[in-house]
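Please study the structure shown below together with its sequence. The paragraphs that follow lead through it step by step.

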Amino acid sequence: MKIVAPAGGIGGARFLRGLRKAAPEAEITVIGNTGDDISLFGLRVCPDLDTVMYTLGGGINEEQGWGRADETFTVKAELAEYGVGPGWFGLGDRDFATHIVRTQMLAAGYRLSAVTEALCDRWRPGVRLIPMTDDQVETHVVVDDPEQGRRAIHFQEWWVRLRASLPAVSIAPIGAQDAKPAPGVLEAIEAADVVLFPPSNPVVSIGTVLSVPGIREAFAEKTVVGISPIIGDAPVRGMADACLTAIGVETSARAVAELYGPELIDGWLVDEADAGVEVEGIAVRSRPLLMSDDAATEAIAAAALELARELAP
Ligand code: GDP
Ligand code: CA
């Protein structure tokens with residue numbers, strides 16, 4: 001069986017780990033969000049690709065959900081001594097090595113997809129991880145800054161530095177219109193038996209992957225089952241509600257399914273807290289959707305596959 005899943009960071013990565021257990025024989029291709037990517041200290045940082053790679057490769061900081069296990073922050077402290085920031089983005093020493101390798105390869109002319117493959121040679125995530133595009137796409141957020149007025153800032157500045165405390169006037173994946181899917185993305189979707197949307201952020205993770213021309217259309221041809229990142233009208237962790245509010249969508253399992261729409265998704269898993277939710281044109285099932293441990297996450301993935309089998313033409 002061939003499975004394709006777009007993914008952001010923490011929610012996507014955890015789900016994928018359960019999926020790998022639920023379908024050990026399957027060939028899984030992950031299309032990673034690169035809209036969160038940012039250049040810091042001259043290095044290219046790809047937070048979502050790395051979260052997927054470290055989580056599936058056994059190198060993640062489990063409690064935090066991002067960054068390396070057993071991390072130290074000597075380089076960051078030394079940079080601060082030089083007065084070199086930003087200090088709000090927590091890059092650890094082990095993590096720095098990943099960004100150095102990536103930046104060196106990009107500078108040598110390799111595309112991000114080839115670089116990601118090379119990094120995965122070390123981590124062996126057990127899935128094929130492809131960035132959504134090799135072109136530069138960066139999510140920007142327009143905010144009304146009380147000091148500087150209305151301005152657009154990088155998504156990471158809004159998310160990590162401001163913790164989404166300033167409401168977003170709008171959110172846009174800059175560069176997406178002219179981006180092309182990375183080599184292998186459309187081919188993998190076309191060959192897929194099933195497409196699963198993990199409980200990733202529907203706006204700045206999956207929404208960004210869908211903003212690359214051609215990807216949404218390719219998914220729409222497939223049996224697609226999504227897992228709600230919203231349980232009982234709140235994101236399970238993080239601030240996805242701030243992103244939904246910015247695009248005028250209510251924070252509820254039903255509203256996220258409607259945002260994707262019946263032309264894109266066929267099935268939708270909601271938590272038991274949302275049992276009874278109905279969405280026109282989409283088959284909805286309720287299951288416990290808290291990824292509290294590996295077994296619970298595997299069960300969620302198995303339920304998604306079961307619904308996909310039921311809905312397949
Ligand atoms: P990010 O890039 O690190 O923000 O991660 P993603 O975009 O992949 O996932 C973030 C989303 O995962 C958030 O909107 C959360 O609501 C969702 N999420 C996190 N943990 C869980 C969980 O245990 N169950 C469900 N259903 N969603 C979760
Ligand atoms: Ca992310």
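Arg124 is exposed in this predicted model, because its relative accessible area is 63% and a residue counts as exposed when that value is over 50%. Arg124 lies in the loop that runs between α5 (112-123) and β5. Its backbone deserves attention too: Arg124 is not a glycine, yet its phi is positive, at about 45°. Most residues other than glycine have a negative phi, and most peptide bonds are trans.

Asp233 likewise has a positive phi, near 65°, and is a residue other than glycine. Its place is in the loop between β11 (230-231) and β12 (234-235). A further backbone feature concerns the peptide bond that joins Gly85 and Pro86, which is cis, with an omega of about 10°. Pro86 belongs to the loop between α3 (74-81) and α4 (93-107).

The strand β5, which follows the loop of Arg124, leads to the sheet. Seven strands make up this open sheet, arranged in the order β5-β2-β1-β9-β10-β13-β14, and their pairing is parallel. At the edges stand β5 (128-131) and β14 (283-287), each of which pairs on one side only. On average, neighbouring strands of the sheet are turned by 20° against each other, direction ignored. One pair can be followed in detail: β1 (residues 2-7) and β2 (residues 27-32) pair in the parallel sense over 6 bridges, and Ala5 stands opposite Val30 in β2. Helix α11 (residues 253-260) lies across β9 (194-197) and β13 (267-271), and runs at about 165° to β13.

Which residues coordinate the calcium ion (ligand 2)? Asp36 and Asp48 do so through OD atoms, at 2.1 to 2.6 Å. Asp36 is in the loop between β2 and β3 (38-40), whereas Asp48 is in helix α2 (residues 47-57); the two are 12 residues apart, and the pair links distant parts of the chain. Both Asp36 and Asp48 are buried.

Finally, two helices may be considered together. The axes of α1 (residues 10-22) and α12 (residues 294-311) come within 7 Å and cross at roughly 70°. Angles of 65 to 115 degrees count as roughly perpendicular, and α1 and α12 are therefore roughly perpendicular to each other. In their contact, residues of α1 including Arg14, Phe15 and Leu19 meet residues of α12, among them Asp294, Ile300 and Leu305. The residues of this contact divide into 7 nonpolar, 2 polar and 5 charged.

Terms used: Residues are numbered from 1 along each chain as its sequence is written. Chains are lettered from A and ligands numbered from 1 in the order in which they are written. This is a predicted model: local features need pLDDT of at least 70, side-chain atom pairs count only at pLDDT 80 or more; totals for chains, interfaces and linings use all residues. Side-chain values use heavy atoms; hydrogens and water are left out. Axes are lines fitted to C-alpha atoms, for helices over the stretch in contact, and angles run from 0 to 180 degrees between N-to-C directions. Helices (H or I, at least four residues) and strands (E, at least two) are DSSP runs, numbered from the N terminus. Angles under 35 degrees count as roughly parallel, over 145 as roughly antiparallel, 65 to 115 as roughly perpendicular and the rest as oblique. Contact means heavy atoms within 4.5 Å. Ala, Val, Leu, Ile, Met, Phe, Trp, Tyr, Cys and Pro count as nonpolar, Asp, Glu, Lys and Arg as charged, and the others, Gly among them, as polar. Two strands pair if DSSP finds at least two bridges between them. Donors are N, O and S atoms within 2.8 Å of the metal (3.2 Å for Na, K and Ca); water is not among the atoms, so sites may look incomplete. Buried means under 20% relative accessible area, exposed over 50%, partly exposed in between (1.4 Å probe, protein chains only).
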